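Me: I'd like a close look at one part of this model, and I'd rather have it in one go. Which element gives the most to the lining of the largest pocket?

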Amino acid sequence: MSIVEHRVLGDHRGQLIAIEGARDIPFEIKRIFYIYGAQPNTLRGQHAHHKTRQYLIAVSGSCNVTLDDGKQRITYSLHQPDIGLLQEPLVWGTMHDFSHDCVLVVLASEHYEENDYIRNYAHFQEMFK
Ligand code: T46
């Protein structure tokens, strides 16, 4: 779980950020999805993954992400497009406090597979006993 700051390749035309799988983030990218139009008071996520690694970037607007590794819970603020947050497997993630213009892009290490999800927090906690 860590915040990464990316180099901004800007010039008079505007800004550009490039993120390459297995170079700028520690996995090859198999899937990209994004969330937008989330209500400010809504909670997204609220699950962990067995295998999938995720990398989250608020390319527009802002949101908070609370990561819980079974020992500690830390809330990160994603509020600029040049920072991203790595969410490792077996880390419970909750996305919240979305701004109205938030576009949260997620790069994932695996294809979508519902069996990879741990959606019950009690089961998640059991894994650390
Ligand atoms: C995460 C947060 C930020 C797919 O068909 N393919 C996909 O790749 C994904 C991510 C979802 N779906 C389907 C499954 C559900 O029927 O889209 C629907 C909504 O998915 P979910 O309820 O999991 O959405 P969130 O916002 O709670 O969570 C998602 C990701 O699942 C999660 O890994 O970190 O976005």
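Reply: That's strand 3, with 4 residues in the lining of the largest pocket. (A strand is a DSSP run of E, at least two residues, numbered from the N terminus.) Before going on: this is a predicted model, so local features need pLDDT of at least 70 and side-chain atom pairs 80 or more, while totals for chains, interfaces and linings use all residues. Residues are numbered from 1 along each chain as its sequence is written, and side-chain values use heavy atoms, with hydrogens and water left out.

Now the pocket. Its volume comes to about 160 Å³ (the space filled by 1.4 Å probe spheres set on the joined points of a 1 Å grid, in an open set with protein on both sides within 12 Å along at least five of seven lines). The lining takes in 14 residues, and Phe33, Ile35, Gly45, His47 and Met95 are the closest to the pocket's centre. Looking at whole elements, strand 2, strand 3 (44-49), strand 4 (54-60) and strand 8 (92-96) each give two or more residues to the lining. By residue class, the lining splits into 7 nonpolar, 6 polar and 1 charged.

Next, where those strands sit. Strand 3 and strand 8 belong to an open sheet of 5 strands, pairing antiparallel in the order 6-5-8-3-10. At the edges of this sheet are strand 6 (73-78) and strand 10 (117-118), and each has a single partner strand, so one side of each is left without a neighbour in the sheet. On the strand 6 edge, strand 5 (residues 63-68) is joined to strand 6 by 6 bridges, and the two run antiparallel. One register to check there is Val65, whose bridge partner in strand 6 is Tyr76.

Strand 2 and strand 4 are part of another open sheet, also of 5 strands, with the order 1-7-4-9-2 and antiparallel pairing. Here strand 1 (2-5) and strand 2 (31-36) stand at the edges; each has a single partner strand, so one side of each is left without a neighbour in the sheet. Over at strand 1, 4 bridges tie this strand to strand 7 (residues 83-87), and the pair runs antiparallel. Glu5 has Ile83 as its bridge partner in strand 7.

Back to the pocket, then: its lining draws on strands 2, 3, 4 and 8, with strand 3 giving the most.

How values were computed: Two strands pair if DSSP finds at least two bridges between them. On a 1 Å grid over the protein atoms alone, a cavity is a set of points where a 1.4 Å probe fits but cannot get out, and a pocket is an open set with protein on both sides within 12 Å along at least five of seven lines; lining residues have an atom within 4 Å of a point. Ala, Val, Leu, Ile, Met, Phe, Trp, Tyr, Cys and Pro count as nonpolar, Asp, Glu, Lys and Arg as charged, and the others, Gly among them, as polar.
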